[in-house]
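Colleague: I have a model open and would like to go through it with you. Can we start with one helix and move on from there?
Modeller: Fine, go ahead.

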Amino acid sequence: MQPLVKLFVNRYPETISERNEKAFYMDTATDLDRTNAVVTVSDDLAPVQEMVRACIQCGTCTASCPNEFAMDHTPRQLWRMVLMGQKEEIFQSKTFALCSACYYCTLRCPRGLPLTEAMDALKQIAAREEISKYKDSVQFYKNFLKSIRRHGRVNEMEFMTLYFAALKNPLAPLRFASLGLRLMLKGKVSLLPPFTRKRPLESIFRKVEELEERL
Ligand code: SF4
Ligand code: SF4
């Protein structure tokens, strides 16, 4: 079974309505607040600017991105904003939060820039700074990883239960009810946990934690 996020990503959406529907689910999956709350970011964008300094604005990253249809700024525009130091606009945007780290843009960028890492760096700033717009999105990622750490792969039912509990919003599950039902009817979501040995990826997670502590 694929991770839930990937179920919403299709390189070639067939129709406009399907495309819009996917955009809706990508928004709600990352649960981005659509309000225009003022964002204050004390982090320096310098490391991210360094990563994309050689960008020539060719747009190959945008043309390659499977999630571009749901983004408010294209990846190419985002890199321009990063280079211009437009923090307010960057962290009001949902573009980097919708990056599913497929590495397609990184592989195709003619300048060989680490674009997926740059997207990740923006996500880390947003999480570290606890920007309210991304709080729910951070919970989404945290609980996704929690489920993977426990089973070696995501258990959608457990993951969504943890995510909804973290949101502390009893109405949140309603937004996903029809999608969840459709996925269950198609056998894409199991109510039972996967049959894997206990915590098969635990040593990898521990190693990553060790490395992160050294940073
Ligand atoms: S593909 Fe690379 S060079 Fe082209 S716009 Fe994107 S980041 Fe810039
Ligand atoms: S790594 Fe992110 S930004 Fe790049 S193509 Fe994939 S989803 Fe789009």
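Colleague: How many residues does α8 have, and what does it reach from its first C-alpha to its last?
Modeller: Helix α8 covers residues 115–128, so numbered as a DSSP run (H or I, at least four residues) counted from the N terminus. It has 14 residues and reaches 20 Å, close to the 20 Å expected; the expected span is 1.5 Å times one less than the number of residues. Keep in mind that this is a predicted model: local features need pLDDT of at least 70, side-chain atom pairs count only at pLDDT 80 or more, and totals for chains, interfaces and linings use all residues. Residues are numbered from 1 along each chain as its sequence is written, while chains are lettered from A and ligands numbered from 1 in the order in which they are written.

Colleague: Which residues of α8 are buried?
Modeller: L115, A118, M119, L122, I125 and A126. Buried here is 20 or more other C-beta atoms within 10 Å of a residue's own, with C-beta atoms placed from the backbone.

Colleague: Why are they on the same side of α8?
Modeller: Because they cover an arc of only 115 degrees around the axis, taken from the directions from the helix axis to the C-beta atoms.

Colleague: What do they pack against?
Modeller: The buried residues of α8 pack against α3 (46–52), α4 (60–64), α5 (75–83), α6 (87–92) and α7 (104–108).

Colleague: And L122, what is that in contact with, leaving aside neighbours within four places in sequence?
Modeller: V48, I90 and F96. Contact is C-beta atoms, placed from the backbone, within 7 Å.

Colleague: Which residues touch the most other members of the largest nonpolar core?
Modeller: V82 and L122, out of 27 residues. Such a core is a set of buried Ala, Val, Leu, Ile, Met, Phe, Trp, Tyr and Cys residues joined through C-beta atoms within 7 Å. α8 gives the most to this core, with six residues.

Colleague: New topic. Which residues are closest to ligand 2?
Modeller: C65, C99, C102, Y104 and C105, among the 15 that surround ligand 2; a residue is near if its C-beta atom, placed from the backbone, lies within 6 Å. α8 gives the most to that shell, with three residues.

Colleague: And which come nearest to ligand 1?
Modeller: C55, C58, T60, C61 and C109, of 15 residues around ligand 1. Two or more residues of that shell come from each of α4 and α5.

Definitions and conventions
Buried ≥ 20, exposed ≤ 12 C-beta atoms within 10 Å, placed from the backbone. Contact = placed C-beta atoms within 7 Å.
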